[in-house]
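Biologist: I'm new to this one, and I'd like a close look at its empty spaces. Could you walk me through them slowly?

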Amino acid sequence: MSVFIEDSRLKPILEKVEAGARLSYEDGVALYRTSDILALGYMANLVRERLHGATTYFNVNRHINPTDVCVASCRLCAFGKKAKDPKAYTMSLDQVWHVAGEGWTEAVTEFHIVGGLHPELTLDWYCEMLRGLKERFPQVHLKAFTMVEIGYLAERTRISVQEVLERLRDSGMDSLPGGGAEIFCDRVRRIICDHKITGEEWLETARIAHRLGLHSNCTMLYGHIETEEDRVDHLVKLRALQDETRGFVTFIPLAFHPDNTPLAHIPKTTGFLDIKSIAVARLMLDNIPHIKAYWIMMTPKIAQIALRFGADDIDGTVVEEKIYHDAGATTSQSLRRGELLQLIRKAGREPVERDTLYRPVQRTETTFTVLV
Ligand code: V47
């Protein structure tokens with residue numbers, strides 16, 4: 001099929017995409033540099049439809065953030081607070097289990113659980129939290145703890161990352177979300193998140209998790225001080241690890257929201273960059289099955305457009321989001337299942353409710369069955 005390409009530098013890339021060939025680092029940089037968003041969208045949509053046709057996935061999930069107390073003080077973050085901050089909170093185990101139940105009205109299939117790096121909560125506490133959730137909600141998938149939280153627990157408990165992962169898995173953790181990856185480049189990390197594990201450590205933690213048979217997602221935070229080269233380097237590193245482990249399920253590009261962070265002077269990302277980040281990810285990450293347009297971060301309107309620029313997933317109902325809303329997000333904190341269906345259908349796509357590992361879910365008003 002022919003397509004009108006305004007930016008002639010994209011022609012050799014189009015040939016590779018049509019042939020199903022892997023794109024190089026240089027191709028990735030060229031894709032980020034182009035303004036030819038329609039050619040980019042054409043190519044990304046070609047790959048998206050080759051993999052998923054018109055299907056667009058969503059899930060019925062609930063976010064739980066047990067604490068916002070965090071020792072890290074990352075400049076990118078408006079969520080984490082020092083323990084002595086009067087606005088900081090830490091839930092008791094009973095509160096976590098209670099909050100989880102509040103999302104139950106729509107029969108959620110996933111709890112997405114992440115929090116700050118708390119200096120006192122122990123590995124045993126987290127294991128008990130998971131066991132309590134599994135006991136009360138045995139059919140709900142527990143997608144819990146970023147690689148950064150895992151690294152911190154290992155450091156504090158003085159045991160290996162592998163042992164932390166095994167203990168959490170044995171207590172009920174089913175998979176891991178993709179957060180904390182930010183941008184792997186050291187120079188950028190030193191400025192936006194200098195107290196976090198390094199990019200290499202993030203990748204190594206993911207490698208260990210995948211080797212234990214745990215799946216995870218992966219993310220990239222863009223729109224702050226990183227260069228186009230930094231972004232492509234990040235994508236290429238994720239792709240290389242995926243060649244090795246096949247453990248990543250979904251990639252989620254995350255736009256930096258500057259409000260209430262020490263980097264508040266940085267302008268917000270544009271819709272153009274948000275859409276481009278989805279498309280470039282779809283084209284570069286040829287071995288990661290899904291690309292998510294996280295509506296909380298992109299707004300439902302841009303997320304809907306993204307479904308024609310490479311994304312095949314729109315995340316879920318979420319119910320109560322804190323990380324982006326503390327950083328000035330003006331989107332709603334939750335969407336109902338019916339609203340997600342509408343959003344997808346109005347983009348001419350076919351909604352499929354999935355569980356965390358993308359098995360289709362069949363449901364009645366209050367119950368669900370995962371189709372295997
Ligand atoms: O790790 C923090 C980012 C992430 C800000 O795996 C910020 O399915 C923008 O990882 N502006 C948490 N971003 C969110 C996340 C996620 C979201 C949805 C689905 C999944 C999944 C994972 O948000 C953090 C960090 O990278 N973040 N502060 C901020 N001011």
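Biologist: Which helix gives the most to the lining of the second largest pocket? Once that's clear, please carry on to the ligand and the cavities.

Modeller: Happy to. Keep in mind that what you see is a predicted model. The helix you're after is H12, residues 295-298, which puts three residues into the lining of the second largest pocket. That pocket has a volume of about 210 Å³. Its lining is made up of 15 residues, and the ones closest to the centre are His 257, Lys 268, Thr 269, Met 297 and Thr 299. Sort the lining of this second largest pocket by class and you get seven nonpolar, six polar and two charged residues.

Now slide over to the largest pocket, with a volume of about 960 Å³. A total of 48 residues line the largest pocket, and Leu 76, Cys 77, Glu 182, Lys 196 and Ile 323 sit nearest its centre. Helix H6, strands S6 and S7 and helix H14 each give two or more residues to that lining. By class, the lining of the largest pocket has 21 nonpolar, 15 polar and 12 charged residues.

This is also where the ligand comes in: the space it takes is the largest pocket. S6, S7 and H14 (323-326) turn up here again, as the elements that give two or more residues to the shell around the ligand. In all, 24 residues surround the ligand, and the closest are Lys 143, Gly 178, Gly 180, Glu 182 and Lys 292. The shell around the ligand divides into 12 nonpolar, eight polar and four charged residues.

Zoom in on the ligand's oxygen atoms for a few polar contacts. A side-chain N or O atom of Glu 182 is 2.5 Å from a ligand oxygen. From Lys 292, a polar side-chain atom lies 2.8 Å from an oxygen of the ligand. Gly 179 uses its backbone instead, with an N or O atom 3.3 Å from a ligand oxygen. As for how covered the ligand is, taken alone it exposes 610 Å², and the protein buries 95% of that.

Next, the closed spaces. Rolling a probe the size of a water molecule over the atoms shows where empty space is left. Here there are three cavities of 30 Å³ or more. The largest cavity has a volume of about 60 Å³. It is lined by 14 residues, and those closest to its centre are Lys 143, Asn 217, Val 249, Thr 250 and Thr 356. You'll recognise Lys 143, which is also among the residues closest to the ligand. Strands S5 (175-176), S6 (215-222) and S7 (248-255) are the elements that give two or more residues to the lining of the largest cavity. S6 has the largest share, with three residues. The lining of the largest cavity holds four nonpolar, six polar and four charged residues.

Last stop: the second largest cavity, at about 50 Å³. Gly 116, Leu 117, His 118, Leu 121, Tyr 126, Glu 149, Tyr 152, Leu 153 and Arg 156 line it. Helix H6, residues 147-157, makes the largest contribution to the lining of the second largest cavity, with four residues. That is the helix we met in the lining of the largest pocket. In the second largest cavity, the lining divides into five nonpolar, two polar and two charged residues.

Technical notes:
Residues numbered from 1 in each chain as written. Predicted model: local features only at pLDDT ≥ 70, side-chain atom pairs only at ≥ 80, totals over all residues. Heavy atoms only, no water. 1 Å grid on protein atoms, 1.4 Å probe; cavity = no way out; pocket = protein on both sides within 12 Å on 5 of 7 lines; lining within 4 Å. Points joined across faces, edges and corners; volume = space filled by probe spheres on them. Nonpolar A, V, L, I, M, F, W, Y, C, P; charged D, E, K, R; others polar. Near = heavy atom within 4 Å. Polar contact = N/O pair within 3.5 Å; in protein donor to acceptor, adjacent residues only side chain to side chain. Areas by Shrake-Rupley, 256 points an atom, 1.4 Å probe, with all protein chains shown as cover. Sits in = over half its atoms within 2 Å of the grid points.
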